[in-house]
Amino acid sequence: MKRPLDPYRAIDRQRRPHSYVDHLEVRGRTPAQTRLRRRFLRFARIGPGQRVLEVGSGTGIITRDVAALLGPRGQVIGVDPSRVMTGAARRLARAAGIGPRLVHAFGDGARLRFAANRFDRVFAVTVLLHVANSAAILREMLRVARPGGIVAVQDQDFGSLTLDHPDRALTARIMDGVVRRMYPDPFSGRTLFGRLVRLGLRRVRLAVYVFQDTTLEPYTHAMLRRRAENAVRLGLVSAPAAARWIAEIERLAAIGQFAFTLNYHAARGIKS
Ligand SMILES: C[S@@+](CC[C@H](N)C(=O)[O-])C[C@H]1O[C@@H](n2cnc3c(N)ncnc32)[C@H](O)[C@@H]1O
């Protein structure tokens, strides 16, 4: 059976690339994710008048929030190697009535087409865990930040995920088994602080946010269903076992006993 590689490495080559636009927008609208995003933007010290770059900007759910913080003189650019994502981000920004202070460009984070020392803030959110060349992306982020500017990154750490399910062994086979085979770096979150220190950034700080869901939000539901499907595809569990696992999750949610948590690690530092 076909190995389900991480779709975010190459969205445009997926069978239904537009489904990832929907997925990111649904995730972004989840109330706990909205809070997480706002906290990250405060942590990255985004404010009026800045020139900001987001690497791996997807549908622009974060760049649209940044645009609202910049005032009339700031500018935010989102770069993404997916044409589907870049097109969706432009459409969604227009629909939100955001003008020229927000630009979405097609491009690879490992080869940014910007001069050195250009941006006050450079950040990437839930990108590094998905890519094989995250070291090159980080180096490029650092290159285009100005001296005194802030580089900030945030990733989930799938080693921190908890799900209260009566069948813990099956849960581990599905959840741990899939992320270890699917993502280039599923435990990226915990590495971010050390990576920024090793890059020579000053005053590196770490902040860990806990995403928690007790109502089985559409985003969490879709993610758990996809994990179960991928576990079957990878031969980790049988289709009936995966179906039983999901049915139990839905039963727990229906009686108000669903509990899911996942840590998001954010690190920021100042370029010398
Ligand atoms: C999970 S999405 C996150 C999007 C957005 N940052 C957010 O949090 O909603 C990961 C994004 O990284 C992009 N990506 C993948 N490889 C990349 C690369 N080499 N450089 C920059 N972005 C990349 C994908 O196209 C996708 O839009």
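**Exercise 1.** In which loop is asparagine 117 found? Describe its backbone and its exposure in this predicted model.

*Solution.* Step 1: asparagine 117 belongs to the loop between β3 (102-106) and β4. Step 2: a general expectation helps here, for most residues other than glycine have a negative phi. Asparagine 117 is not a glycine, yet its phi is positive, about 60°. Step 3: the relative accessible area of asparagine 117 is 43%. Partly exposed residues lie between 20% and 50%, so asparagine 117 is partly exposed.

**Exercise 2.** Where is leucine 216 found, and is leucine 216 buried or exposed?

*Solution.* Step 1: leucine 216 is in the loop between β7 (202-213) and α8. Step 2: the phi of leucine 216 is also a positive value, near 55°, in a residue other than glycine. Step 3: with a relative accessible area of 11%, leucine 216 is buried, because buried means under 20%.

**Exercise 3.** Classify the ring pair of phenylalanine 158 and tyrosine 183, and locate both residues.

*Solution.* Step 1: a pair of aromatic rings is described by the distance of the centres and the angle of the planes. Step 2: for phenylalanine 158 and tyrosine 183, the centres are 5.1 Å apart and the planes are at 5°. Step 3: planes under 30 degrees apart count as stacked, so this pair is stacked. Step 4: phenylalanine 158 is in the loop between β5 (145-156) and β6 (162-163), while tyrosine 183 is in the loop between α6 (168-182) and α7 (188-198). The two residues are 25 residues apart, and their pair links distant parts of the chain. Step 5: phenylalanine 158 and tyrosine 183 are both buried.

**Exercise 4.** Apply the same reasoning to phenylalanine 258 and phenylalanine 260.

*Solution.* Step 1: the ring centres of phenylalanine 258 and phenylalanine 260 are 6.5 Å apart, with the planes at 5°. Step 2: this pair is therefore stacked. Step 3: phenylalanine 258 and phenylalanine 260 are both buried. Step 4: ring pairs join them with Phe211 and Tyr219 into a cluster. The whole structure holds seven aromatic pairs.

**Exercise 5.** How are α6 and α8 oriented to each other, and which residues meet?

*Solution.* Step 1: α6 and helix α8 (residues 218-233) pack at an angle of about 75°, and their axes are 9 Å apart. Step 2: angles of 65 to 115 degrees count as roughly perpendicular, so α6 and α8 are roughly perpendicular to each other. Step 3: from α6, Ile174, Met175, Val178, Val179 and Met182 meet Leu224, Arg227, Ala228, Asn230 and Ala231 of α8.

**Exercise 6.** Why is helix α5 described as largely enclosed?

*Solution.* Step 1: helix α5 (residues 134-144) has 11 residues, and eight of them are buried. Step 2: these are Ser134, Ala136, Ile137, Leu138, Glu140, Met141, Leu142 and Val144. Step 3: the helix is therefore largely enclosed by the rest of the structure. Step 4: the cover over the buried residues of α5 includes β1 (51-55), β4 (119-125), β5 and α7.

**Exercise 7.** Which residues is serine 188 in contact with, leaving aside its neighbours within four places in sequence?

*Solution.* Step 1: serine 188 lies in helix α7. Step 2: with a relative accessible area of 0%, serine 188 is buried. Step 3: apart from those neighbours, serine 188 is in contact with Leu128, Leu129, Asp155 and Gln156.

Technical notes:
Residues are numbered from 1 along each chain as its sequence is written. This is a predicted model: local features need pLDDT of at least 70, side-chain atom pairs count only at pLDDT 80 or more; totals for chains, interfaces and linings use all residues. Side-chain values use heavy atoms; hydrogens and water are left out. Rings of Phe, Tyr and Trp (its six-membered ring) pair if their centres lie within 6.5 Å; planes under 30 degrees apart count as stacked, over 60 as edge-to-face and the rest as tilted. Helices (H or I, at least four residues) and strands (E, at least two) are DSSP runs, numbered from the N terminus. Buried means under 20% relative accessible area, exposed over 50%, partly exposed in between (1.4 Å probe, protein chains only). Contact means heavy atoms within 4.5 Å. Axes are lines fitted to C-alpha atoms, for helices over the stretch in contact, and angles run from 0 to 180 degrees between N-to-C directions. Angles under 35 degrees count as roughly parallel, over 145 as roughly antiparallel, 65 to 115 as roughly perpendicular and the rest as oblique.
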